[in-house]
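Subject: Structure handover

Hello,

Here is the structure I said I would pass on. Please look through it first; my notes on what was found follow below.

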Amino acid sequence: MDFTRSGVSRFPDRDLGVPRYRCEVGVPLAEQKWLGHNRWHPDIPPLHELGPGDEVILEAAGYDDYQLKDVDDDQDIHDFDLTRTHPITGPVKVDGAEPGDLLVVDVLDVQPLSGIGYSNILPGMGGPLASWFPRGFKTVWDLHGLFATSRQIPGVEIPAISHPGVIGVAPSHDLLRIWNEREDPLIEEGKAGPREAAIPTSVLRTLEGAEWERVAATAARTVPPRENGGNLDIKNLSRGSRVYFPVFVEGGLFSVGDYHFAEGDGEITWNAIEMDGIGWFRFNVLKDGMAKYGIRTPMLRPSPVDPNLGTRYLSFTGLSARGREQKYLDATAAAVDAVEQAIEYLGKFGYTPEQAYTIISVAPCEMHVGGIVDIPNAAVTLKVPLDIFDKDILPT
């Protein structure tokens with residue numbers, strides 16, 4: 001497997017005067033566990049300690065923990081172990097950060113590491129339209145500088161808006177207890193991923209033995225976003241962004257990973273263009289910021305850097321009603337309606353449903369709530385950029 005393709009945009013190997021924690025490409029987190037973790041818990045030992053104003057470079061494996069391979073055979077998406085997802089790097093302890101403060105994190109840069117990306121429809125985990133694709137669909141991307149291309153979806157070039165999918169701070173013991181209490185009933189109903197069954201694949205940095213067992217028993221999976229941030233999947237949380245995180249434990253304990261080369265709003269298939277990556281971050285602290293500004297969850301100043309796609313979009317409108325089916329102000333149903341129409345439309349131009357669904361999930365598509373007040377119907381728009389295609393897809 002070639003992990004050093006020419007044309008890959010990557011950080012220089014020279015000393016940048018900033019501490020850098022390197023991920024060994026192709027090696028699962030369990031075999032380089034000193035680097036990070038794949039569960040949230042306040043007792044995971046810090047990887048690095050710094051002060052306000054300091055910077056650090058953190059490399060991380062892709063969300064798949066190097067389970068996926070750059071081959072056309074798709075058996076790897078059928079053998080995929082979901083309990084290994086999100087190997088994140090950290091935690092970083094910031095001196096002076098205390099509960100009630102805001103941890104200010106500047107995203108200085110995000111780049112690919114190996115130059116290979118994936119955006120699969122995993123069997124059983126393909127987002128709201130998973131039932132359409134029981135066999136799944138595997139896509140491998142070549143990440144060449146500013147653009148990604150794939151042999152599985154020819155004729156499409158995706159511009160980079162590289163960003164971390166998972167970025168957050170550690171919960172307090174009390175907050176972790178709240179998470180487990182409110183999510184455990186959903187686990188029993190099959191509406192959330194298991195916690196206890198995932199213990200064998202928990203990586204908790206340097207913890208071992210009885211201490212590892214104690215922490216693993218209550219540690220939270222990284223799949224959902226929560227008050228600490230976590231799996232936010234915000235495409236514009238990219239180079240130049242500033243994030244304000246509520247601090248729940250001393251030092252904040254910041255961790256990051258699940259790097260994305262590009263993504264559409266909603267990450268509708270449950271996958272962006274996922275990549276192993278390199279992130280460069282700077283930290284500061286706002287004392288008593290949570291109370292001063294009324295912040296309960298992360299607040300974001302999005303990146304000023306976007307691909308120049310102009311105004312060439314095609315927008316699809318989804319409603320929370322279709323035919324005889326009526327849902328009341330259901331924005332999720334309206335979003336799915338817009339996505340389904342976009343898939344059907346792209347099919348008129350030669351794209352299979354699998355290809356179209358993937359394009360909507362990974363291209364810089366924009367999804368907006370048009371209205372959630374005009375009872376009984378919610379309306380959502382899905383904007384698909386036209387210039388990612390090598391042909392004209394406008395109606396004629």
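A residue is called buried when its relative accessible area is under 20%, exposed when it is over 50%, and partly exposed in between. Glu227, with a relative accessible area of 18%, is therefore buried. Please keep in mind that this is a predicted model.

Salt bridges

The structure holds 24 salt bridges. A few of them are described here, beginning with the one that involves Glu227.

The side chain of Glu227 meets that of Arg182 in a salt bridge, with 2.9 Å from N to O. Arg182 belongs to helix H2 (residues 173-188), while Glu227 sits in the loop between strand S11 (225-226) and strand S12 (229-231), so the bridge ties together parts that are 45 residues apart in sequence. Unlike the buried Glu227, Arg182 is partly exposed, at 40% relative accessibility.

Arg22 and Glu59 form another salt bridge, and their closest N and O atoms are 3.9 Å apart. Arg22 lies in the loop between strand S1 (20-21) and strand S2 (36-37), and Glu59 lies in strand S4 (residues 55-60), so parts 37 residues apart in sequence are tied together by this pair. Arg22 has a relative accessible area of 42% and is partly exposed, whereas Glu59 is buried, at 2%.

A third pair to look at is Arg135 and Asp74, whose closest N and O atoms are 3.5 Å apart in a salt bridge. This pair links distant parts of the chain, 61 residues apart: Arg135 is in the loop between strand S6 (102-118) and strand S7 (140-144), and Asp74 is in the loop between S4 and helix H1 (75-78). Arg135 counts as exposed, at 53% relative accessibility, and Asp74 as partly exposed, at 22%.

There is also a network: Glu55, Asp106, Arg242 and Arg282 are joined into one by salt bridges that share partners.

His260

His260 is part of strand S14 (residues 254-262). Its relative accessibility is 0%, so His260 counts as buried. The side chain of His260 makes a polar contact of 2.9 Å with the side chain of Glu263 and another, of 3.1 Å, with the side chain of Glu274. Leaving out residues up to four places away in sequence, His260 touches Ile161, Ser162, His163, Gly165, Asp233, Glu267, Ala272, Ile273, Glu274 and Met275. Glu274 thus appears both as a polar partner and in the list of contacts.

A three-stranded sheet and helix H5

Three strands make an open sheet in the order S17-S21-S20, with antiparallel pairing. Strand S17 (313-319) and strand S20 (366-371) are at the edges and have a single partner strand each, so one side of each has no neighbour in the sheet. From one strand to the next, the twist averages 25°. The antiparallel pairing of S20 with strand S21 (residues 379-385) runs over five bridges, and Gly371 stands opposite Ala379 in S21.

Helix H5 (residues 331-347) packs on this sheet and touches S17, S20 and S21; the direction of H5 makes about 135° with that of S17. At 1.5 Å a residue, the 17 residues of H5 should span 24 Å, and the end C-alpha atoms are 25 Å apart, which agrees. At the start of H5, a side-chain oxygen of Asp330 comes to within 3.1 Å of the backbone nitrogen of Thr332.

How many of the 17 residues of H5 are buried? The count is 12, so H5 is largely enclosed by the rest of the structure. Among the buried residues are Ala333, Val336, Asp337, Glu340, Tyr345 and Leu346. The cover over the buried residues of H5 includes S17, strand S18 (321-322), helix H6 (353-362), S20 and S21.

Val92

Val92 is in strand S5 (residues 88-94) and is buried, with a relative accessible area of 0%. Apart from neighbours within four places in sequence, Val92 is in contact with His48, Leu50, Val56, Leu58, Gly251, Leu253, Phe254 and Phe283. Val92 and Leu346 are 44 Å apart in space, C-alpha to C-alpha, and 254 residues apart in sequence.

Regards

Note on methods:
Residues numbered from 1 in each chain as written. Predicted model: local features only at pLDDT ≥ 70, side-chain atom pairs only at ≥ 80, totals over all residues. Heavy atoms only, no water. Helix = DSSP H or I, 4+ residues; strand = E, 2+ residues; numbered from the N terminus. Buried < 20%, exposed > 50% of the residue type's maximum accessible area, 1.4 Å probe, protein only. Polar contact = N/O pair within 3.5 Å; in protein donor to acceptor, adjacent residues only side chain to side chain. Contact = heavy atoms within 4.5 Å. Salt bridge = Lys/Arg side-chain N within 4 Å of Asp/Glu carboxyl O. Pairing = 2+ DSSP bridges. Axes fitted to C-alpha atoms, helices over the stretch in contact; angles between N-to-C directions. Expected span 1.5 Å × (residues − 1).
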